[in-house]
4 protein chains.
Amino acid sequence: MSSSTVVPVAVLGASGYGGVELTRLLAGHPGVRLAAVASDRWIGDSVAARIGLGGDAWALRYQSPADAEAAAHGCAIAFLATPAEVSCEVAPRLVAAGVRVIDLSGGFRLPAASYPAVYRFTHPAPGLIDEAVYGLPELGDRAAIARARLVANPGCFATAASLALAPLVRAGVLADERLIVDAASGVTGAGRKASEEFSFAEIADDLRAYRVLSHQHTPEIAQTLGATAPLLTFTPHLLPLRRGILATCHARLAIGRTAADVTAAFAAAYDGARFIERCARPEDVTLHRVVGTNRCAIGVAVGAAREIVVCAALDNLVKGAAGQALQNCNLMLGLDEATGLGGLRPFHP
Amino acid sequence: MSSSTVVPVAVLGASGYGGVELTRLLAGHPGVRLAAVASDRWIGDSVAARIGLGGDAWALRYQSPADAEAAAHGCAIAFLATPAEVSCEVAPRLVAAGVRVIDLSGGFRLPAASYPAVYRFTHPAPGLIDEAVYGLPELGDRAAIARARLVANPGCFATAASLALAPLVRAGVLADERLIVDAASGVTGAGRKASEEFSFAEIADDLRAYRVLSHQHTPEIAQTLGATAPLLTFTPHLLPLRRGILATCHARLAIGRTAADVTAAFAAAYDGARFIERCARPEDVTLHRVVGTNRCAIGVAVGAAREIVVCAALDNLVKGAAGQALQNCNLMLGLDEATGLGGLRPFHP
Amino acid sequence: MSSSTVVPVAVLGASGYGGVELTRLLAGHPGVRLAAVASDRWIGDSVAARIGLGGDAWALRYQSPADAEAAAHGCAIAFLATPAEVSCEVAPRLVAAGVRVIDLSGGFRLPAASYPAVYRFTHPAPGLIDEAVYGLPELGDRAAIARARLVANPGCFATAASLALAPLVRAGVLADERLIVDAASGVTGAGRKASEEFSFAEIADDLRAYRVLSHQHTPEIAQTLGATAPLLTFTPHLLPLRRGILATCHARLAIGRTAADVTAAFAAAYDGARFIERCARPEDVTLHRVVGTNRCAIGVAVGAAREIVVCAALDNLVKGAAGQALQNCNLMLGLDEATGLGGLRPFHP
Amino acid sequence: MSSSTVVPVAVLGASGYGGVELTRLLAGHPGVRLAAVASDRWIGDSVAARIGLGGDAWALRYQSPADAEAAAHGCAIAFLATPAEVSCEVAPRLVAAGVRVIDLSGGFRLPAASYPAVYRFTHPAPGLIDEAVYGLPELGDRAAIARARLVANPGCFATAASLALAPLVRAGVLADERLIVDAASGVTGAGRKASEEFSFAEIADDLRAYRVLSHQHTPEIAQTLGATAPLLTFTPHLLPLRRGILATCHARLAIGRTAADVTAAFAAAYDGARFIERCARPEDVTLHRVVGTNRCAIGVAVGAAREIVVCAALDNLVKGAAGQALQNCNLMLGLDEATGLGGLRPFHP
């Protein structure tokens, strides 16, 4: 790709943690050019200064959401890192104007009928949900993503749990017993917070579950696993660290199935998947291995009673949000799927 | 109790983290007097200076294990905070000499036949296992603990998981589906470590599972839950913090059973239990609530598909080790169960 | 002291971190009885439930500030853990009503003329400042504290820095060169915060200086060191942990003075001081040694060029606030200075 | 530079934290090719697998130190991330063989006569010290680095403190009063550790000074500041986090000098310096701003009594070690100084 084909893109909601990460990644992407970046809190500020992009001459400044949306009309792709309700208002306008949209919120991931119960609002654009393509490339249809006008970028927990369990469900090797996912996330998964609950003194040295039996990613995971998947229980926990999700997932093999079937299922799903790091054992799946990268590390163990434990880890802001959005963007632009992402290496120690 | 009845006790293995905590707690216990404290690494050092007991005139010094064992012969109770293999050698000698023993290791918790596979040694004193009383007062027989010559103090994970699930198993309200326990512990659960694996740079900001499908507390929990309990999968994780265990436990109600049966089961098990803190919801069960105390916080939720999520939290060094040992000691001495433990309050922030 | 002489006390501002710690400590103090506890955010809530005091029958509930102030009129001592401006309004009313006051704010620590510049308000009760006794027992006049109507409880940084440097200044062994104090504090020193700046994601893994050349404890330290002390530069830093202050202090010996003079100065100041833990070397002064206790650990080194490095550590919520307030309370009530504080042992690991 | 001119380089001591970081950075550098990587603990292992360089076909494996040294003879530049004593043995052999050396240890930073006292060994190659060029480009002679056969890469603390103070010393604006540097570093500054002292349980939530008045970087800083600099006291502290150094430095203006002179001194020193990030205030100098980058952030305040506080922050493994080594390598190869470093952006949150 010659530099003359660099594609203009816009980011709305750019001052949330997901939006900041997305802006950082886009700034280092050789195939796109940041043309408009919206943040209602940083209007007029230099993007480079705000997010530490260094002393280069890069003069881009944050715009108001309205100005940036207007500017996005001249872009090929607009990324929405806005709350779900905002995305649901903005995405239809942009799509109607011919701008392709990658929405990082939950605004287009579920059937319209689910929104009142799960997201507490009535969806204003149910027709667009039908058209939206769920952007989890390793489990979806890359060709559909490539031609989508609107991509629903998956949730962070949903990405981890789906990548851990879908190969087994799809291979048909599981018994019809409950699927149980206990996952823990660093605090940036909750976004930028000005609350006592998320203050350092309250979070440090603690651990707790939240939204037990009611987290909005449960129906999202269930949908990705498919109608024939067994009953799913998903329980998120809040970790005293900044980035990273570890999902420990439990299933059971059908009678007659063996560990070899498990290995085959993961090989069938992920051979050639460049962002899946298959580990020899679940104990090898660590946050250190994935934080700062677009990878999902996965390891599995099978017990004597046919019980299966799959651990999956990813960076909630990268493979769980901004990195996956870039991966989808690459597919939409016909670029190598890893453009701007392959150089991300784990940051350790 | 008058001061003339203060009982002499000994601690062997006093320089491990469990042993240090035990020594701290015993030093503040009005009914006992530390008569001998063994540590092969701190021989001759002042106990008060080593563990920060302050400027008082308390002149006790660490002795060699051999000297302390000899001194323990004059004690009413000896606490063994030694490795399981050491406990298995020492406990028979002390019991034979008429000293009552509380063993904090796994040396007397399982049937003798389990030791080669689970603890990697052949048990030298199987007869004493038969006599040992498992010291989990809230789930056991306090009278049996009170008259025991040898108490097997439970493991930290086993205490949390058993307290979370036993009331449901015993009340007979569960379906015959797998029990799944995902638990996470601060690093002190692994003891004092001089290894790169447990260095700050390797642990900080990370999370991972370990001993998947093979942790030695799995048979201990299963034994406490009883022969009729369903298949159990226990998966421990290593948290980047010093103290605290959170166990998230999954079960399912039998058809026809309801949330009211769950509430009744916990009430039946724990009404009057002074170290069980029942929380309104699993989300209220936090490490902050229990670290530094002898409490186990428990909260439960029941879903529409009869799924049950129980969260239990405790301090692995207190209710998971030294505090529970003191609780057992109190029962053995005929003291109030909370002597020396009631004043422990959570340390927050 | 017989239980019939237990003294009623009140706490205003009880839901800040200092106020919570104070309430916890008072609840375990054998010589006082909490008669009124004020918090405008927790009105009506059980104190025991809010701060984890356990399952006892202690029925005390938080009152509104106005109600608690009224109730305080029946108390011997009122603790003010309120902001400085609030303390300056409340203390005069309580003192006028015959209630003795221990103020944990900066409301009565400096000359009235300093308040506009340092605390940004004009002091409403300058006469009471003149009467107030600065409550740093190890450096002050215990008899004056014992008879005070109003005690100004010192600031946390000021306590650490003053305890480190005052013995040297007072012994007259220092050259007339600048005193430099670089100190770092855990986040609870800043109080309970609902701001993005103090959110976990912003604080974790970071370190920075704040209020450089302008912190309000600078004049407080200078005042304690005395008019003849050299120029002082105090720079606080914010640590990514919950509790603890380490102050590294720099001075220089006068020509002809030696390390022996330094040792003698600290011995003269602190022999018999039960909450000062003198360490052999500055390297031995750690947060682990003091967090959870009312101690200040101090260690000093003297170099070949007569340079002096003194490290001092304390728990900002205990010796830096609530514990020191209790120490002052004990003096005021004629109790042993360590009542309710001697049992606090470092919490490690 | 065309790809045909890619230069082969070797890394010895590649499994220490500095060596791992260096290997990561070199793997992403467009102008060099890793030809040999030595680690006695990982002999035969894949470099890509060990340090997470991802699923590419990069087949390089760790070699024994001897094999790698032999292989280095075919390289243009060898990086030594070995202990000082090892570097002092290896560097002379490599230089004699015509290989240019960048030594990350302290082996060639001080006069030979200093080694017995400071590094506890007698230097075996004093002649090579005379030839070595100290590689702190912002304060040194880039042309000398460019033609050096041996570059002594600066220490991490020394880099931070020197960058903070040298502009003031060199501008001649300081009074002849002591320079005081209190600095704190994350644990990776101490290297890979398998000791109880550096275990998570001992480091977490703690802070302490170490090597007070005796750290080996003190003479290194003094040497960089020059013979006319005032007496220096440097006190390092150990922070409970993985990466980052903050140095808080104290000096005093000469009479008649003003804050404008300070500003001018920093401008004169650093205008055009691409890795120096000048901040408006010392309070803006944070670890978050620099960790993961090759930058040093610097901010200064001047008080009414002519006191100066300079804060400087850097990533001890990047600008404090591997990144600076790459910067020197770029100069030696005639490349743009920021090659392979400019894309490093702070990793936040």
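This passage describes a predicted model, taking in turn the relation between two chains, a group of strands and a pair of helices.

Chain A is superposed on chain C by a rotation of 180° with 0.0 Å of shift along its axis, and the RMSD is 0.0 Å. The two copies are therefore related as by a two-fold rotation axis. The same surface serves both copies, since 100% of the contact residues of chain A recur in chain C.

In chain B, strand β13 covers residues 296-302, and 5 of its 7 residues are buried, so β13(B) is largely enclosed by the rest of the structure. β13(B) pairs with strand β12 (residues 276-278) of chain B in the parallel sense, over 3 bridges. Within β13(B), B:Ala297 stands opposite B:Glu277. Pairing of β13(B) with strand β14 (residues 307-314) of chain B is antiparallel and extends over 7 bridges. Here B:Ala297 has B:Ala313 in β14(B) as its bridge partner. β13(B) and β14(B) form a hairpin with 4 residues between them, and B:Arg306 in the turn has a positive phi of about 65°.

In chain C, helix α8 (residues 156-171) packs against helix α10 (residues 217-225) at an angle of about 30°, with the axes 9 Å apart. Because angles under 35 degrees count as roughly parallel, α8(C) is roughly parallel to α10(C). The two helices, α8(C) and α10(C), make a right-handed crossing. Residues of α8(C) that take part in the contact include C:Phe157, C:Ala161, C:Leu165 and C:Val169. On the side of α10(C), C:His217, C:Glu220, C:Ile221, C:Thr224 and C:Leu225 meet residues of α8(C).

Methods. Residues numbered from 1 in each chain as written. Chains lettered and ligands numbered in written order. Predicted model: local features only at pLDDT ≥ 70, side-chain atom pairs only at ≥ 80, totals over all residues. Heavy atoms only, no water. Least-squares fit on C-alpha atoms with pLDDT ≥ 70 in both. Contact = heavy atoms within 4.5 Å. Buried < 20%, exposed > 50% of the residue type's maximum accessible area, 1.4 Å probe, protein only. Pairing = 2+ DSSP bridges. Axes fitted to C-alpha atoms, helices over the stretch in contact; angles between N-to-C directions. Parallel < 35°, antiparallel > 145°, perpendicular 65-115°, else oblique. Left-handed = near helix turned anticlockwise from the far one by under 90°.
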